Amino acid sequence: MLNGHIIEAVEALAHPAYQESWDNTGLQVGSRRAECTGVLLCVDVTPAIVEEAHSRGCSLIISHHPLIFKGLKRLSGNTPIEEAVMAAIRYGITVYSSHTALDSARGGVSYTMAGMLGAEFRHVLAPLADRLICLSVITEPAGAEAVRMTMTELGADEQLTRQESCHATVHSFTAADEDAFTGHDEIDAVKLTATLPAGCAAAIPSRLSELNSRIYDYRITPLRQSDPSLGLGAYAVFEPAITVTELINRIKQAFGSPVVRTTRIDDPGRPIRRLGLCGGSGGEFIGTALRSGAEAYLSSDIRYHDFVDWQNDILLLDIGHFESESCTKQIFYNAITEKFPNFAVYKSELESNPIKYQ
């Protein structure tokens, strides 16, 4: 069993191309081709998590949040991130992170949150439509690997990038008039095709021009996403409706949150049937949830000014960021064990919310 086999099971649910343009979903440290001896699942990769993986004999860590997000300029061990990266390299542990790819997946974070509350999922709040592109590049055979690496760096999945043999037409010109074709030759070439986040489209021309490989042609084609079940956030319905008090109690129990920040509650017995929700920092979708007909909206990291601005329009419910996304470990577990039921897959027992409530 290779690390790549486990990662493919995760990517079958959460394709890397689903990630937001600012994100760093995918392989963080290590190799897909290394032998996998066990998998540890977590929300955040810390030095303690790497030690836990090592002590369990796990060669692969699957996390929700990326270990490397803004990039590293040095590996000195002076920060927890650097220390975790160095420990992973030292122990030969591969780290893969899913993050917003899992957020937008069918059956991902917001889907799961709705199910944990006993609400019926109806549709996503921010569909993935028009956020993907297809990049096709025709290059010389010797340059195929460099093009593939560039595609991967732009956000393509290395294993899903297609490569096929083709021919390229090379024109020659007269010395007097460079615009006049005098003939052409058909030469062997390679065509590579990958799905990428639309946000990286602007960087493609310059990235390809930096390669030493000869690029004969490339095409960027928008992909019209026809699957409305992919995207961020969720709109769900309670059948029958539940009261505000019941909703708050369900949230505390389902997510293990000792407190729930809310807007003003004038009537605790008011029935709530339509709920908007989003795991992680989802304050940007409050208006979207309201326009969808939601009477309440559950997320985390909601700003003070959002509470001020929306207090008379919708019941806001804010739990901790960790609480809203701790369900990702179970999502990963289900995806992996469904394909490999007898493999060693562990949920971290050391991980806890770094924010404490006094």
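**Exercises on a sheet and two pockets**

In this predicted model, Leu275 stands opposite Ala296 of strand E15.

**Exercise 1.** Determine which helices pack on the sheet that holds E14 and E15, and which strands they touch.

*Solution.* Begin with the pair itself: strand E14 (residues 271–281) and strand E15 (residues 296–300) run parallel and are joined by four bridges. Helix H5 (residues 109–116) packs on the sheet, where it touches E5, strand E12 (234–243), E14 and E15, and its direction makes about 140° with that of E14. Helix H8 (residues 244–255) also packs on the sheet, touching E12, E13, E14, E15 and strand E16 (315–319), with its direction at about 120° to that of E12.

**Exercise 2.** Place these strands in the order of the sheet, and identify its edges.

*Solution.* The sheet is open and has six strands in the order E5-E12-E14-E15-E16-E13, with mixed pairing. Its edge strands are E5 (120–123) and E13 (261–262), each of which pairs on one side only.

**Exercise 3.** Describe the lining of the largest pocket.

*Solution.* This pocket has a volume of about 870 Å³. Of its 38 lining residues, Asp44, His65, His99, His321 and Glu325 are the closest to the centre. By class, the lining comprises 18 nonpolar, twelve polar and eight charged residues, and helix H2 (47–55), helix H4 (100–103), E14 and helix H11 (321–325) each supply at least two residues.

**Exercise 4.** State which element gives the most residues to the lining of the second largest pocket.

*Solution.* The second largest pocket has a volume of about 540 Å³, and among its 25 lining residues the closest to the centre are Thr25, Thr152, Glu153, Gly155 and Ala156. Strand E1 (26–29) and helix H6 (144–154) are the elements that give two or more residues, and H6 gives the most, with six.

Terms used: Residues are numbered from 1 along each chain as its sequence is written. This is a predicted model: local features need pLDDT of at least 70, side-chain atom pairs count only at pLDDT 80 or more; totals for chains, interfaces and linings use all residues. Side-chain values use heavy atoms; hydrogens and water are left out. Two strands pair if DSSP finds at least two bridges between them. Contact means heavy atoms within 4.5 Å. Axes are lines fitted to C-alpha atoms, for helices over the stretch in contact, and angles run from 0 to 180 degrees between N-to-C directions. On a 1 Å grid over the protein atoms alone, a cavity is a set of points where a 1.4 Å probe fits but cannot get out, and a pocket is an open set with protein on both sides within 12 Å along at least five of seven lines; lining residues have an atom within 4 Å of a point. Grid points are joined across faces, edges and corners, and a volume is the space filled by probe spheres set on the points. Ala, Val, Leu, Ile, Met, Phe, Trp, Tyr, Cys and Pro count as nonpolar, Asp, Glu, Lys and Arg as charged, and the others, Gly among them, as polar.
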